[in-house]
Amino acid sequence: MLKAWSDAYRLGIPEIDQQHQAFFEAAHRLYDQILNCEGEHGVEDAIAFLHRYAEQHFATEEAFMRLHGFPGLEAHNRLHAAFFESLDQLAYDLEVCGPSQHLADRALAIAQDWLIEHIGDEDMLYAALANAHAGSDT
Ligand SMILES: [Fe+2]
């Protein structure tokens with residue numbers, strides 16, 4: 001199910017929050033493009049965009065975690081790598097099977113639902129550390 005972006009997903013780190021919101025929008029575009037059957041290229045482009053966007057976004061997060069000496073960096077990076085595996089598998093299945101409601105739902109689970117869960121369970125951990133650092137600077 002498409003969910004609207006919500007302030008509940010904010011970490012309080014403006015650069016990363018903006019990227020999460022754009023990531024969310026890219027997930028919705030991918031869902032729409034699969035359902036509207038905007039041709040093979042529309043779906044391919046939406047996946048390619050999400051892939052590129054995730055690369056940039058994860059690089060921002062990883063730099064941020066490194067800056068704050070986040071001890072869970074490696075485990076967090078493995079979750080990012082798993083995201084790409086799921087996205088690549090989806091791209092393959094779309095190529096083989098063609099667009100369907102089932103694959104649109106899977107795209108949403110991989111991108112939107114994954115992101116919501118990832119923000120709440122994982123990104124919150126480095127955000128808490130960064131916010132604690134910010135608090136101790138004052
Ligand atoms: Fe992350």
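With 138 residues, a compact globule would be expected to have a radius of gyration near 14 Å, and the chain in this predicted model has 16 Å, which agrees with that expectation. Along its principal axes, the C-alpha trace spans about 55 × 25 × 20 Å. The chain is built from 4 helices and 0 strands, and an iron ion is held by protein donors that include Glu61 and His118.

**Overall build**

- Read from the N terminus on, the elements of the chain follow the order α-α-α-α.
- Among the contacts in the chain with a separation of 6 or more, 72% are made by residues that lie 24 or more positions apart.
- Of the 138 residues of the chain, 43% count as buried.

**Surface and charge**

- The chain exposes about 7,500 Å², and carbon and sulfur atoms supply 54% of that area.
- The chain carries 7 positive and 24 negative charges, and the mean positions of these two sets are 2 Å apart.

**The iron site**

- The iron ion has five named protein donors, namely Glu61 through OE, His76, His80 and His118 each through NE2, and Asp123 through OD, and these lie 2.0 to 2.5 Å from the ion.
- Along the chain, the donors of the iron ion follow the spacing E-x14-H-x3-H-x37-H-x4-D.
- Two of these donors link distant parts of the chain, since Glu61 belongs to helix 2 (residues 39-67) and His118 belongs to helix 4 (residues 101-137), with their positions 57 residues apart.
- Glu61 and His118 are both buried.

**Ala111, in helix 4**

- Ala111 is found in helix 4, and this residue counts as buried because its relative accessible area is 0%, where the cut-off for buried is under 20%.
- Leaving aside neighbours within four places in sequence, Ala111 is in contact with Phe23, Ala27, Leu50 and Phe83.
- Ala111 and Tyr31 are 80 residues apart along the chain, yet their C-alpha atoms are separated by 9.4 Å.

**Gly98, in a loop**

- Gly98 lies in the loop between helix 3 (73-97) and helix 4.
- Gly98 has a relative accessibility of 18%, which is under the 20% cut-off, and therefore this glycine counts as buried.
- When neighbours within four places in sequence are left aside, the contacts of Gly98 are with Asp93 and Leu103.
- The C-alpha atoms of Gly98 and Ile34 are separated by 8.8 Å, although the two residues are 64 residues apart along the chain.

**Ala22, in helix 1**

- Ala22 lies in helix 1 (residues 14-35).
- Ala22 counts as partly exposed because its relative accessible area of 22% falls between the 20% limit for buried and the 50% limit for exposed.
- Ala22 and Leu50 are 28 residues apart in sequence, while from C-alpha to C-alpha they are 9.7 Å apart in space.

Note on methods:
Residues are numbered from 1 along each chain as its sequence is written. This is a predicted model: local features need pLDDT of at least 70, side-chain atom pairs count only at pLDDT 80 or more; totals for chains, interfaces and linings use all residues. Side-chain values use heavy atoms; hydrogens and water are left out. Helices (H or I, at least four residues) and strands (E, at least two) are DSSP runs, numbered from the N terminus. The radius of gyration is taken over C-alpha atoms; the globule rule is 2.2 Å times the number of residues to the power 0.38. Buried means under 20% relative accessible area, exposed over 50%, partly exposed in between (1.4 Å probe, protein chains only). Contact means heavy atoms within 4.5 Å. Accessible areas come from the Shrake-Rupley method with a 1.4 Å probe; for residues, only the protein chains shown count as cover. Lys and Arg count as positive and Asp and Glu as negative; His and the chain ends are not counted. The place of a charge is taken as NZ of Lys, CZ of Arg, CG of Asp or CD of Glu. Donors are N, O and S atoms within 2.8 Å of the metal (3.2 Å for Na, K and Ca); water is not among the atoms, so sites may look incomplete.
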